[in-house]
Amino acid sequence: MTQALRQRHRTLVTALALALPTVFLSGLLVRQPVPASGSLPTALTGSTPSEARIAPPERSGPPESPVAVRLLPGAGSATEAVIELQTARELSAPDVLVYWSAAEPEAGRLPAGATLLGPLKDTQAARFALPERAASAAGRLILYGLARQEVVATLQVPTSPREGGAP
Amino acid sequence: VSHTYSAVAWNRQKRVYDAVMVGGVALYLALFCGLGAVVHPNATVETLLIRGLGTCALLLLHVVLMIGPLCRLSPQFLPLLYNRRHLGVTTFFVGLAHGVFSIIQFHALGDLNPLVSVFVSNTRYASLADFPFQPLGFFALLILFLMAATSHDFWLKNLTAPVWKGLHMLVYVAYGLLVAHVTLGVLQAETSPLLAGALGVGMVVVLGLHVAAAYRERAADAAAQTAGDDRFVEVCAVDEIPEKRARVVALSGERVAVFKYDGQVSAISNVCQHQNGPLGEGKVIDGCVTCPWHGYQYLPCSGASPAPFTEKVPTFNVRVAGGKVFVDPRPNPPGTRVEPARVIEKKVRVSA
């Protein structure tokens with residue numbers, strides 16, 4: 001090697017000799033403890049029955065009263081009713097939209113002519129104005145899971161403020 | 001462009017070297033995956049292969065990096081240096097296989113481009129424990145690719161040896177990146193002290209050898225001699241130079257190899273034009289100074305390779321007086337013929 005390269009080599013290896021042990025030791029010192037079987041909570045370390053099976057993930061069938069529906073008197077105009085939806089627990093379906101429809105959904109599909117009211121968020125109350133034709137025609141609220149493209153639940157539209165909205 | 005590409009000239013030594021190397025890699029992978037499957041029966045084949053390839057590449061890189069300083073410290077290791085580039089290219093390909101399998105395993109099933117995912121899936125740069133270690137491996141692999149792609153003598157001649165050597169010194173940067181890649185990656189989850197201990201020992205050995213060799217070279221450079229009024233510098237006694245060997249001296253910042261052969265003394269640059277190997281550690285074979293690294297040859301009186309080769313190194317004016325060798329530290333242009341200094345043998349009279 002030429003002297004210039006020898007100097008560069010010397011500089012590089014000196015820098016590495018200082019930096020690499022520092023990185024190596026620092027990396028070892030900041031290691032997070034990896035959970036071992038002895039350090040798991042009791043609920044997770046209990047013996048598993050030999051016939052135990054992992055339950056399949058729950059599909060989005062009609063949930064058990066996931067949403068309470070309330071009619072808000074006087075909140076809208078004379079021809080427009082307003083309802084409030086309150087989710088009782090976290091919804092199992094993502095991206096839920098609320099529709100009003102005069103027709104019943106068939107085979108989990110959104111009926112043609114259903115009116116979109118808006119999105120429904122987990123554990124948040126949401127208010128929607130019903131379409132004008134809801135005053136003259138019987139209908140229902142449809143919770144539609146956009147991600148899975150399927151009807152999650154159908155709710156009755158309350159006719160009085162005290163009436164609930166269980167499916 | 002005056003440099004033409006010519007295929008690698010294979011010989012028996014290279015074939016044996018490569019056969020041992022490829023066999024060693026295959027044996028290592030088989031042992032790693034076999035033992036891994038026994039010790040960790042839940043590990044998948046993909047995981048074992050990714051880890052086997054990664055540790056194999058790191059091990060090869062350690063061997064590659066140890067050869068240079070070992071040769072500086074002892075000429076016994078010179079045979080390992082002859083085919084070091086094949087070892088380096090193999091290191092790149094084993095590392096590439098590790099990288100490709102890792103990207104397929106951890107980044108190919110999302111909706112992002114897998115290469116983009118390597119860089120954006122973890123952006124916790126402020127945390128040492130959760131540092132994105134995969135980009136470190138990617139950049140190290142990029143450097144190894146540059147080195148493997150330019151490893152042929154075609155590039156060595158085109159780029160010139162100093163530029164080529166400078167480029168290939170990036171291997172130290174790649175090594176640093178890989179140590180960080182392993183430390184901040186697998187060692188964060190691997191609780192067994194085996195891997196951490198092996199990496200620590202390997203790092204100490206590689207860095208220790210390089211620092212020892214570098215500071216030994218520095219001591220040799222520090223002993224540089226300066227010229228007097230007549231420009232000639234006394235470098236050594238004639239008797240201190242073994243026959244057909246050289247004495248390497250530092251003059252005006254560079255090293256000069258002073259050879260003694262057939263009752264003559266000549267001085268040429270110590271830097272081989274091929275890979276800047278140390279000519280003064282070679283010997284005179286068939287009348288030519290022969291580089292100990294790859295066998296490049298130069299005529300000692302002119303510094304030129306014998307025809308049809310065209311390599312040339314600088315020569316130095318030299319004279320012998322009173323059993324001492326004197327060298328003019330000003331180099332002549334490469335290939336300049338200089339009349340060798342004659343060594344006057346002492347005649348011993350034997351009385352009957």
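Me: What covers the buried residues of helix 8 of chain B?

Reply: In this predicted model, the cover includes helix 1 (3-29) of chain A, along with helix 4 (84-107), helix 6 (134-149), helix 7 (153-159) and helix 9 of chain B. The buried residues in question are B:Ala161, B:Trp164, B:Lys165, B:Gly166 and B:His168.

Me: What makes A:Glu84 count as buried?

Reply: Buried means under 20% relative accessible area. A:Glu84 has 11% relative accessibility, so A:Glu84 counts as buried.

Me: And how do you know that A:Glu84 forms a salt bridge with A:Arg127?

Reply: The cut-off is 4 Å between a side-chain nitrogen of Lys or Arg and a carboxyl oxygen of Asp or Glu. Here the closest N and O atoms are 3.1 Å apart, so the pair passes. A:Glu84 sits in strand 2 (residues 82-87) of chain A and A:Arg127 in strand 5 (residues 125-129), so the bridge ties together parts that are 43 residues apart in sequence.

Me: Is A:Arg127 buried or exposed?

Reply: Exposed: A:Arg127 has 56% relative accessibility, and the bar for exposed is over 50%.

Me: Why is A:Glu104 called partly exposed?

Reply: Partly exposed lies between the 20% and 50% limits. A:Glu104 has a relative accessible area of 48%, so that label fits. A:Glu104 forms a salt bridge with A:Arg140, the closest N and O atoms being 3.5 Å apart. A:Arg140 is buried, with a relative accessible area of 14%.

Me: What makes B:Asp262 and B:Lys244 a salt bridge?

Reply: Their side chains meet at 3.1 Å, N to O, and the limit is 4 Å. B:Asp262 is in the loop between strand 3 and strand 4 (264-269) of chain B, and B:Lys244 is in the loop between strand 1 (233-237) and strand 2 (245-251), so the pair ties together parts that are 18 residues apart in sequence. B:Lys244 is partly exposed, with a relative accessible area of 32%.

Me: How many salt bridges does the rule find across the interface of chain B and chain A?

Reply: Zero. The count of residue pairs in polar contact there is six, both residues at pLDDT 80 or more. The largest share of the side of chain B that touches chain A, 12 residues, comes from helix 11 of chain B. That side divides into 19 nonpolar, nine polar and seven charged residues.

Me: How much area do chain B and chain A bury between them?

Reply: About 2,800 Å², with 71% of it on carbon and sulfur atoms. For the complex, the predictor gives an ipTM of 0.73 and a pTM of 0.63.

Notes
Residues numbered from 1 in each chain as written. Chains lettered and ligands numbered in written order. Predicted model: local features only at pLDDT ≥ 70, side-chain atom pairs only at ≥ 80, totals over all residues. Heavy atoms only, no water. Buried area = accessible area lost by both parts, 1.4 Å probe. Polar contact = N/O pair within 3.5 Å; in protein donor to acceptor, adjacent residues only side chain to side chain. Helix = DSSP H or I, 4+ residues; strand = E, 2+ residues; numbered from the N terminus. Nonpolar A, V, L, I, M, F, W, Y, C, P; charged D, E, K, R; others polar. Buried < 20%, exposed > 50% of the residue type's maximum accessible area, 1.4 Å probe, protein only. Contact = heavy atoms within 4.5 Å.
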